[in-house]
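User: I would like to take a close look at a single part of this protein. Please explain it in connected steps suited to a first-year student.

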Amino acid sequence: MKRSSEQRKFVGVAFLTASLAVFGSACGDDDEKQPQPQTPDSGTPDSGTPDSGTPDAGPGTTVLDSDIGLMRFNADGAVDTTFGAGGTTRLDLSTVVPGGARDSVWGVAADATDRLVVFGARRGEGDRVDADRVVVRFTANGARDTTFATEGVHTLNISNLSDGARNGIVQADGKILASGYTSQPTGVGTQAANRIVLLRLDDTGKPDNSFGWKGVVNNAPFGRVSDVNPEWGMAEAYTAGQFSDGSYVTTGYGRSASSGAVDMVNFKYKANGDRDMEFGTGGVVLLDLVGDNDRGRNLVVLNDDRVVTVGSATPAAQKIAGLIHITDKNGVPTTQLGADGYKLYDFERPEQAFFGVAKSKDGNWVAAAGYRAGGDNDDDGVLVIVPVGANPGADVAVAAPISETENDRFWSVAFDASNRIYAAGFVTEGGDNRLMVARYTTAGVLDTTFGTGGVVKHNFSVGKTEEAVRGIVVQSDGKIVVAATVEK
């Protein structure tokens, strides 16, 4: 088991400052630089590799200008034209520049009044080439909520470093927690390492000063290896969930060494942002199968405080399998899916991974959504449904290609009040990516009463490769809202 370091909450000494600022849709960004290159462990928003969290599997463009897009469907899959402008809302947070101005989405949540909170990133202000984290709130009907933060947008800038914004949650008390990570100097030569960065806002969009330092926890769980070896490890937080006592659990991946393979990790933080070192073993739940890369990508906390983490693992060379891991509230693995607390899913391709996970409102079901890729085949969406109630039965694993000839992937998943499952992502048609939602029963069967044969598609931008649903929620009236990164 790799060791954990003490939490480091200071923000603002020497190389590290957190400046909180909010920008409107016109920022005056007129340089000619592109956003920073993106690598898996650098702390930048996406890495561009198949199992790294890129919005789609299609070919990327050298210069990219993308926006935040929302769309709402009625329960039958028809577009709800009362939402936004004819069913859609599009938000551009950055002025168009020759180098590109990427606004991206990682997730969406609905609060108790169905207002929509989007978690994502935008290009830095002015001539900066880094990415800032954003939390944007919309009304239940898709208008920007100008009562939140500054004109509906809160932006977190960590010392002009490129922030890896990820998923977030809206708490029962209305507070908002946004997860992610940022690559920061370690003080060892030119070395930098990813640190977990959590941001908590109150219901009005202001930083919650009762959490961390001015609303921000900046933590390096794997610090220096030793006094004689000052090399640092790294850790990321792809999402966070909240326990019934108000504390949090994160998932992502990390390592105690300065380089090498990464492991799936869960860390627990108290309600004030302090690390809980009693969680798991020495404050961490760590899964390392055979010394190769294992990654947590998302999690959900069940009604009884069990934690279901999803992602990917590498059980053998040239093989990446989908991963579901379940622990109790103390980080002790449960045995529902296997003696060691986890199960690997192989959909007969070289690579499988889960990026989306959701629980049903009654607490009886969990669904994990992702994709399979490789082997000279097109990519397909995959779905696993796990009964987690008082009498759990067998899980259901479904390879669910939306297109038999082109790429499709699921990135997010949600349940409605009737325990129907919505898996969302994208499908490619003739080189054009379209956002896509498919509805399933808990038996893993497409619900053909939804859309066309159980599937709905939409094109924000015809002929573009960057268009994928990253978040999906079902509002209290049963309407389905998706949040997507959409290319101009």
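Which residues have the most contacts inside the largest nonpolar core, and how many residues does this core have?

Analyst: The model shown here is predicted. Its largest nonpolar core has 18 residues. Those with the most contacts inside this core are Leu 383, Ile 402, Phe 410, Val 413, Ile 421 and Tyr 440. In soluble globular proteins, nonpolar side chains tend to be buried together.

The core draws on several strands. At least two of its residues come from each of strand E23 (365–374), strand E24 (377–387), strand E25 (396–400), strand E26 (408–415), strand E27 (421–429) and strand E28 (432–440).

Leu 383 serves as an example. Leaving aside residues up to four places away in sequence, Leu 383 touches Phe 347, Ala 367, Ala 368, Ala 369, Val 396, Ala 397, Val 398, Val 413, Ile 421 and Tyr 440. Among these partners, Val 413, Ile 421 and Tyr 440 are also listed with the most contacts inside the core.

The setting of this core is the whole protein chain, which has zero helices and 31 strands. Buried residues account for 59% of the 488 residues in the chain. Of the contacts between residues at least 6 apart in sequence, 57% join residues at least 24 apart.

Strand E26 leads from the core to another feature, the largest pocket. E26 supplies at least two residues of the pocket lining, as do strand E5 (104–110), E9, strand E14 (239–242), strand E18 (295–301), strand E22 (351–359) and E30. The volume of this pocket is about 1,400 Å³. Its lining has 50 residues, and the closest to the pocket centre are Ala 109, Ile 169, Val 170, Lys 359 and Val 473.

Strand E9, which contributes to that lining, also belongs to an open sheet of four strands in the order E9-E10-E11-E12, with antiparallel pairing. The edge strands, E9 (163–170) and E12 (216–219), each pair on one side only. On average, neighbouring strands of the sheet are turned by 20° against each other, direction ignored. E9 is joined to strand E10 (residues 176–185) by six bridges, and Asp 163 has Thr 182 in E10 as its bridge partner.

Strand E30, another contributor to the pocket lining, is followed by a loop. Gly 478 is found in this loop, between strand E30 (467–474) and strand E31 (480–487). With a relative accessible area of 23%, Gly 478 is partly exposed. Its C-alpha lies 7.5 Å from that of Ala 417, although the two residues are 61 apart in sequence.

Methods: Residues numbered from 1 in each chain as written. Predicted model: local features only at pLDDT ≥ 70, side-chain atom pairs only at ≥ 80, totals over all residues. Heavy atoms only, no water. Pairing = 2+ DSSP bridges. Axes fitted to C-alpha atoms, helices over the stretch in contact; angles between N-to-C directions. Buried < 20%, exposed > 50% of the residue type's maximum accessible area, 1.4 Å probe, protein only. Core = buried A, V, L, I, M, F, W, Y, C linked by side-chain atoms within 4.5 Å. Contact = heavy atoms within 4.5 Å. 1 Å grid on protein atoms, 1.4 Å probe; cavity = no way out; pocket = protein on both sides within 12 Å on 5 of 7 lines; lining within 4 Å. Points joined across faces, edges and corners; volume = space filled by probe spheres on them.
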